[in-house]
Amino acid sequence: MLGFDLTEEQRMIQKTAHDFAAKELRPIALECDRDETYPVDLIRKGHEAGLISFHFPEEYGGAGVSDRVSWTLVREELAWGCPGLCIAMMASNLAAVPILHMGSQEQKAKYLTCLTDPQKPVLAAMAMTEPDAGSDVSSIRTTARKQGGRYILNGRKTFITNGGIADVTVVYCRMEGSKGLEGMTAFIIDGKPQGFSMGKKEEKMGIRASHTSELILEDVEVPEADRLGGEGEAFLLSMRMFDESRIMVASLALGIARAALEIAVEYAGQRSQFGKSLNKFEGISFKLSDMAMRLDAARLLTWRAAWLATQGKRMTKESAMAKCYAAEAAHWICDQALQVLGGYGYMREYLVEKLCRDSRIFRIFEGTSEIMRLIVSRELYRN
Ligand SMILES: Cc1cc2nc3c(=O)[nH]c(=O)nc-3n(C[C@H](O)[C@H](O)[C@H](O)COP(=O)(O)OP(=O)(O)OC[C@H]3O[C@@H](n4cnc5c(N)ncnc54)[C@H](O)[C@@H]3O)c2cc1C
């Protein structure tokens, strides 16, 4: 059976997220973009509203919501409020996912519980990318060397969301002497041990409220108890995690696209030129129709991938399709919205200019559009 009605629980989650975005994110979106910052209290408020770690198991402080469609609804609403602030709020989940998937009971109890505590909100980061290893994660050079009951990590990570400001960082390394993917191993870095520091803080085109920086690891000691999974197990597991996280990235793109479409529809209904409102011109109304069609197509792809993930089914192709299509649709829709607003759309004081800049990253992080197409084409020849 196929149905598109949201359940009562899904509608409730969606409304909670929308109300939060309208009250806490949208009003400060332009200011936080300009200043490249976000209010520290935002994470606490997000936890209190139950919007950050609602998908964690209850024993670790979450609400145990396993329905991925609900996860997408929350992200769409928060990104509708402000993509940069939404990413600042949700970035810790990028690190929580490997802990959920690969962590021991002790690691989950220690790290996930603190990530859900609204009283003392903790930030986390996930560090995979390196200066010479972006799309090709198999070429990471950060090494781990076993020495007694600990590991010594050395290397450099780049473009890391929450990098250097996080209290917990999941770092992907290769075991010293290993080749290709076989030695890839993940570690949890607790706090800021000696030798672990923040490098350059990046100045970004969009999602400027979120923090992005380099990480430097110089003989960082990590106890064996903080290795995630076994030595060499991190690559396969992380690829499975990316299948899921791409659905969430697609959901953020939906929020941006919807925000831009809403602004364009409202503006075209109010602005008059040549004696009638802009939406009465076919050149503009067809643009709005195309924007709405692409948004719906992106959402349907995203919900399908989310549904498959909830069923525990393989969705490598579907999540790559959703991420690629939603990212490209969002950027195109924002650009069309800017065109509908004419000169006003180009000005910083209107949200569309910012949404255009924010939307651009979605074709790059969590796997570029080219890599998504590579995944889809490989899946077409699978079996
Ligand atoms: C704002 C921001 C936040 C980020 N946050 C994180 C984070 O928290 N943690 C983390 O680990 N990483 C993070 N990243 C890194 C991000 O995932 C990488 O930038 C991304 O994977 C692309 O890698 P790259 O930038 O090195 O580009 P490259 O891999 O060098 O690619 C450059 C171009 O070549 C294309 N290309 C590469 N290989 C192929 C191929 N086989 N076929 C066709 N085209 C190809 C790419 O599609 C792209 O267009 C972040 C990046 C940004 C910009």
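These are my notebook entries on a predicted model.

**Entry: domains**

I began with the division of the chain. It splits into domain 1 (8-115), domain 2 (124-231) and domain 3 (235-380). I then looked up how domain 2 and domain 3 sit relative to each other. Their C-alpha centres are 31 Å apart. Eleven residues of domain 2 are in contact with 13 residues of domain 3.

**Entry: strand β1**

I asked myself whether the residues on the two faces of β1 are buried or exposed. β1 covers residues 124-127. Ala124 and Met126 point to one side, and both are buried. Ala125 and Ala127 point to the other side, and these are buried as well. In a regular strand the side chains alternate between the two faces of the sheet. Both faces of β1 are therefore covered, since its four residues each fall under 20% relative accessible area.

Next I looked for a partner strand. β1 pairs with β4 (residues 168-175) in the parallel sense, over four bridges. For Ala127, I found Val171 as the bridge partner in β4.

**Entry: strands β2, β3 and β4**

I moved on to β2. With β3 (residues 150-161), β2 pairs in the antiparallel sense over five bridges. The two strands make a hairpin with two residues between them. Gly148 is in the turn, and its phi is positive at about 65°.

β2 also pairs with β4. This pairing is parallel and has two bridges. I followed Thr143 through both pairings. In β3 its bridge partner is Asn154. In β4 Thr143 stands opposite Arg174.

**Entry: salt bridges**

How many salt bridges are there? The count comes to 29. I took a few in turn.

I started with Arg44 and Asp41. Their side chains meet in a salt bridge, at 2.8 Å from N to O. Both residues are in helix α3 (residues 41-48), three residues apart, so about one helical turn separates them. Arg44 is partly exposed at 23% relative accessibility. Asp41 is partly exposed too, with a relative accessible area of 34%.

Then I took Arg145 and Glu176. They form a salt bridge whose closest N and O atoms are 3.8 Å apart. Arg145 is in β2 (residues 143-147), while Glu176 is in the loop between β4 and β5 (184-190), so this pair ties together parts 31 residues apart in sequence. Arg145 has a relative accessible area of 29%, which means partly exposed.

I also checked Arg227 with Glu224. Their closest N and O atoms are 3.9 Å apart, and this counts as a salt bridge because the cut-off is 4 Å. Arg227 is partly exposed at 21% relative accessibility. Glu224 is partly exposed at 32%.

Beyond the single pairs, I noted a network. Salt bridges with shared partners join Asp33, Glu36, Arg208, Arg348, Glu353 and Arg357.

**Entry: positive phi outside glycine**

I searched for residues other than glycine with positive phi. Glu36, a member of the network above, has a phi of about 55°. Glu36 lies in the loop between α2 (29-35) and α3.

Asp219 also has a positive phi, near 50°. Its place is in strand β7 (residues 212-223). Asp219 is partly exposed, with a relative accessible area of 46%.

**Entry: Glu58**

I looked up the surroundings of Glu58. It sits in the loop between α3 and α4 (68-81). Is Glu58 buried or exposed? Its relative accessible area is 62%, so Glu58 is exposed. Leaving out residues up to four places away in sequence, Glu58 touches Ala63 and Gly64. I also took the separation from Thr113. Glu58 and Thr113 are 55 residues apart in sequence, and their C-alpha atoms are 9.7 Å apart in space.

**Entry: a nonpolar patch**

Last, I turned to the surface. Which residues make the nonpolar patch of about 440 Å²? They are Tyr344, Tyr346, Met347 and Tyr350. I looked closer at Tyr344, which is in helix α10 (residues 316-346). At 39% relative accessibility, Tyr344 counts as partly exposed. Patch residues need over 30% relative accessible area, so the value for Tyr344 meets that condition.

Key
Residues are numbered from 1 along each chain as its sequence is written. This is a predicted model: local features need pLDDT of at least 70, side-chain atom pairs count only at pLDDT 80 or more; totals for chains, interfaces and linings use all residues. Side-chain values use heavy atoms; hydrogens and water are left out. Buried means under 20% relative accessible area, exposed over 50%, partly exposed in between (1.4 Å probe, protein chains only). Two strands pair if DSSP finds at least two bridges between them. Patches are made of residues with over 30% relative accessible area and no salt bridge: like charges are joined within 9 Å, nonpolar side chains (Val, Leu, Ile, Met, Phe, Trp, Tyr) within 5 Å. Accessible areas come from the Shrake-Rupley method with a 1.4 Å probe; for residues, only the protein chains shown count as cover. Domain bounds come from an automatic or database domain assignment. Contact means heavy atoms within 4.5 Å.
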